[in-house]
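Reader: I would like to go through this structure with you, asking at each step what a given term rests on. Could you begin with the surroundings of the ligand?

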Amino acid sequence: MNFTILTFDTIDSTNTEALKQAKAGAKEGLCVVAREQTAGRGRHGRTWVSGKDAGLYFSLVLKPKLETQYLPLVTLMAGIAVHDTLAELGLAPDIKWVNDILVDERKIAGVLAETTETDDGVAVIVGIGINLRSTNFPPEIAASAASLEEAGVGSTVNLTERLTGHLAHFYEQLGTANGPTAIIDEWRRRSTYFSGKRVRVATGNDMLTGVTHGLEPNGALRVRKDDGSTSIIQAGDVERLRADCD
Ligand code: BTN
């Protein structure tokens, strides 16, 4: 994939800009990067705090040639790429389903994938936020968030290049004949949440507790509940529970 990088000092949201660009005919590989976002978005309509130079704010336009059922795997693929980018910097990240990247159980990066119809078919915008500094974390996330600076990463030179390198690699893998299975397997190898983790999951209108039990072929999370039945989670927020405190 050829990457074209569009950089901004300040923007509302790199995802919003990438969505606009995709609608206007941007090719796969366009990346929007900003030093600051005034309306950064997280999953489930949350705000992504995006102070100047406090994070990497990055969005990539993709046009995956994938069966629709496998589109959610683009999100997992991006989580794997972020994981490996941070591992290359000397960290030992974990991935909490669906794509929160954690270091020492604190969130250091997140992925927000959004889709839009274009003349060229469906475009997926992969938005990635990586915390570089912790200075402007609001109090409500300070305890659960981490940053590269805090984790002792000295230099973040070439962070975008490293990230695009990993994205290109895993996106290509996803597009191969057994790509969906391979991506699930790559995810399994990087996430302690794949199986055996006691969790509470909040879906739109439901809350359940149980133990993770692998992923479905489309990346949905299987949770074995205490009554022995299994729930398939297509979207939701996962919270780790200590085995002895539910
Ligand atoms: C999450 O909730 O974990 C996802 C956070 C994604 C944040 C990134 S920052 C770059 C891109 N632009 C946005 O507005 N959001 C994503």
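**The ligand and its shell**

Author: Around the ligand there are 20 residues, of which Ser-13, Gln-37, Arg-41, Arg-43 and Lys-107 come nearest; please keep in mind that this is a predicted model.

Reader: What makes the approach of Ser-13 to the ligand a polar contact?

Author: The cut-off is a pair of N or O atoms within 3.5 Å, and an N or O atom in the side chain of Ser-13 is 2.7 Å from an oxygen atom of the ligand, so the pair meets the definition. For Gln-37, a side-chain N or O atom is 2.9 Å from a nitrogen atom of the ligand, while in Arg-41 a backbone N or O atom lies 2.7 Å from a ligand oxygen. The protein covers 98% of the 410 Å² of accessible area that the ligand has on its own.

Reader: Which elements supply at least two residues each to the shell around the ligand, and which gives the most?

Author: Helix H1 (14-23) and strands S3 (55-62), S6 (106-118) and S7 (121-131) each do so, and S6 gives the most, with 4 residues. By kind, the shell divides into 6 nonpolar, 10 polar and 4 charged residues.

**A residue of helix H1**

Reader: Why is Glu-17 called buried?

Author: Glu-17, whose place is in helix H1, has a relative accessibility of 12%; buried means under 20%, so the term applies.

Reader: With which side chain does the side chain of Glu-17 make a polar contact?

Author: The partner is the side chain of Gln-21, at 2.7 Å.

Terms used
Residues numbered from 1 in each chain as written. Predicted model: local features only at pLDDT ≥ 70, side-chain atom pairs only at ≥ 80, totals over all residues. Heavy atoms only, no water. Near = heavy atom within 4 Å. Polar contact = N/O pair within 3.5 Å; in protein donor to acceptor, adjacent residues only side chain to side chain. Areas by Shrake-Rupley, 256 points an atom, 1.4 Å probe, with all protein chains shown as cover. Nonpolar A, V, L, I, M, F, W, Y, C, P; charged D, E, K, R; others polar. Buried < 20%, exposed > 50% of the residue type's maximum accessible area, 1.4 Å probe, protein only.
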